[in-house]
There are 2 protein chains.
Amino acid sequence: MRGRYRGIHYLVLGILFATVFIFGQPAASQTVADSLPSWNDSPAKKAIIEFVTRVTKEGGADFVPPAERIATFDNDGTLWSEMPIYFQFMFAMDRVKELAPNHPEWKDKLPFKAVLDGDLKALAASGEKGLVELIMVTHTGITTDEYVKEVADWLATARHPRFKRPYTDLVFQPMLELLAYLRENGFKTYIVSGGTVEFMRVWTERVYGIPPEQVVGSTFITRFQTGNDGMPALVLQPKVEFIDDGPGKPVGINKFICRRPIFAFGNSDGDQQMLEWTAAGSGARFMGLVHHTDAVREWAYDRQSPIGRLDKALDEATARGWTVVDMKHNWKVIYPFQQ
Amino acid sequence: MRGRYRGIHYLVLGILFATVFIFGQPAASQTVADSLPSWNDSPAKKAIIEFVTRVTKEGGADFVPPAERIATFDNDGTLWSEMPIYFQFMFAMDRVKELAPNHPEWKDKLPFKAVLDGDLKALAASGEKGLVELIMVTHTGITTDEYVKEVADWLATARHPRFKRPYTDLVFQPMLELLAYLRENGFKTYIVSGGTVEFMRVWTERVYGIPPEQVVGSTFITRFQTGNDGMPALVLQPKVEFIDDGPGKPVGINKFICRRPIFAFGNSDGDQQMLEWTAAGSGARFMGLVHHTDAVREWAYDRQSPIGRLDKALDEATARGWTVVDMKHNWKVIYPFQQ
């Protein structure tokens, strides 16, 4: 901004905020109180508000400067649903169907045959090797630009089997409010997910207000190539570079964010080390887990679930007094469209 | 910030900026004109200012929204000197000397013997394998916290052999001004360097005003471990994960920054692909190279130098009309301490 424009800009801002300050105090207080309207009054809501109040109180013993207010969130099961299977895997399966006409051999070959037959039992039986092959074939061998387009097109047309809505509708309204509340209080909000960065970065800004550079995730080896037209491109290779899950999460945090979070939220054993890493820093800390307890409005699962298993992390949360959100009782609504 | 505090904050800001606006216009204009005081009037300076003016002019044909104003800078040879050898390598050699008492076997073993004898010729003869071994031994096998302390201690005491000053004094004053000028104009400034992220992130905020999360570099595999005291730690492993050099630079940019730069500066063939990647985007673009032409105040080297070789990238810059900064003629001063 040039000097003249900046002068006007701040003048207007100053008048505006001075007006709010002088005339708007009751309204301002009300806004603070209503930052988490979809959360029922509960120990979880109280713990969040108390923590944020403590670390943002200037001159207070637990004050944390804004640059260090790092909040990290798992994605699958923490910010959006993950049933009947991780949504990125739904994308992979839809992409197998899309690519199948060019691969007649898939009709008789696992794991592809299982996907094309809609036989999830046979798919599960193909084991980790089969699932990894499915992800590789559907996520690599194309440029990053082509991949982004594939994801965007899928999100625009695909519908969740139970709710018959776009997958990005299945985000948790209370967590959207929490993200916004933290940002209003000077926090920088990050996603730290086992999903791949390329998949998430297409839509996290629009859906969560989290820009792509604040999304930490698993990565494929990527290669710089110059095409026949002389244009450079980045091509996703069928080789995993980094798995941002479990013990990988603190590694990903160190690599991409470079600061230790003071606030972290997950929902499964894959988030346990992220919460431990957060807890091990000095000063005030907040560790939270979403517990899926609502079979009616969402799903209920924990210790026995192959997807989003919450077992060891739940024990540790109980032992160490971390905040556990009981979805059924703590949240007034689950999804924005239910409001 | 709570409503009351924010009100006061903006009120003060508003009054302050309104005052500057009303009484300070000549001063404001002067500030803009003097943003690059260490740059002589030259085509390079003109190209920079013209580019920044074009992309920040609201309503102009080349306007770029602030979120997309990404500027990437190589570090060694672009933001600070790299002679007689990359400074991170000087750190590695000093660390070999520090660790030597615990490794009596190093006295007779290359490449360590060469470092301990101060025999750079023998060191060079140990080839890439020797140099990699040196980096591994001195940069890994410790926790990230321990490593940060090692680098900070070294920076506080080590002196450059020619200038007898801390290495962080050997940054280029004109480039510091350029970084600040870009940020004043809404750009987000990043480092994209072949050096390792852990080495740079210790000091880039203090020296360049670039926070650690805006430093892209090479990485080692890092592992999450829980110590005997129950405290989690991240341990650097003697295995390279990613080399952020040459064709790795656009890959690192995609991985960490997620947006294509519109402005990029380098000084060697290792930056060629970053400049190509920047140039290949749509809309206005700026590609720049620092050419080391000043043997008196700094160093003069290009096509034949083993360190910071500038050969193919110089040809491409000439062919495509990229900006080449002639250090000797374009810069009034090199280092801040020469002002």
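**Exercise 1.** In this predicted model, decide whether B:Phe51 and B:Phe263 are buried or exposed, and then work out how their rings are arranged and where in chain B they lie.

*Solution.* Begin with the surroundings of the two residues: B:Phe51 is buried, and B:Phe263 is buried as well. Next, take the geometry of the rings, whose centres are 5.9 Å apart and whose planes meet at 50 degrees, so B:Phe51 and B:Phe263 make a tilted pair. Finally, place them in the chain: B:Phe51 belongs to helix α3 (residues 43–56) of chain B and B:Phe263 to strand β5 (residues 263–266) of chain B, so the pair ties together parts that lie 212 residues apart in sequence.

**Exercise 2.** State how many aromatic pairs a search of the whole structure finds over all chains, and classify the pair formed by A:Phe91 and A:Phe199.

*Solution.* The search gives 53 aromatic pairs over all chains. For A:Phe91 and A:Phe199, the ring centres are 5.6 Å apart and the planes stand at 45 degrees; because planes under 30 degrees apart count as stacked and those over 60 as edge-to-face, this pair is tilted. The pair links distant parts of the chain, since A:Phe91 is in helix α4 (residues 87–99) of chain A, whereas A:Phe199 is in helix α10 (residues 197–200) of chain A, 108 residues apart. A:Phe91 has a relative accessible area of 2%, and because buried means under 20%, A:Phe91 is buried; A:Phe199, at 2% relative accessibility, also counts as buried.

**Exercise 3.** Find which ring the charged end of B:Arg165 sits over.

*Solution.* The charged end of B:Arg165 sits over the ring of B:Phe337, at 3.9 Å from the centre of that ring.

Definitions and conventions:
Residues are numbered from 1 along each chain as its sequence is written. Chains are lettered from A and ligands numbered from 1 in the order in which they are written. This is a predicted model: local features need pLDDT of at least 70, side-chain atom pairs count only at pLDDT 80 or more; totals for chains, interfaces and linings use all residues. Side-chain values use heavy atoms; hydrogens and water are left out. Rings of Phe, Tyr and Trp (its six-membered ring) pair if their centres lie within 6.5 Å; planes under 30 degrees apart count as stacked, over 60 as edge-to-face and the rest as tilted. Helices (H or I, at least four residues) and strands (E, at least two) are DSSP runs, numbered from the N terminus. Buried means under 20% relative accessible area, exposed over 50%, partly exposed in between (1.4 Å probe, protein chains only). A charge sits over a ring if NZ of Lys or CZ of Arg is within 6 Å of the ring centre and within 35 degrees of the ring normal.
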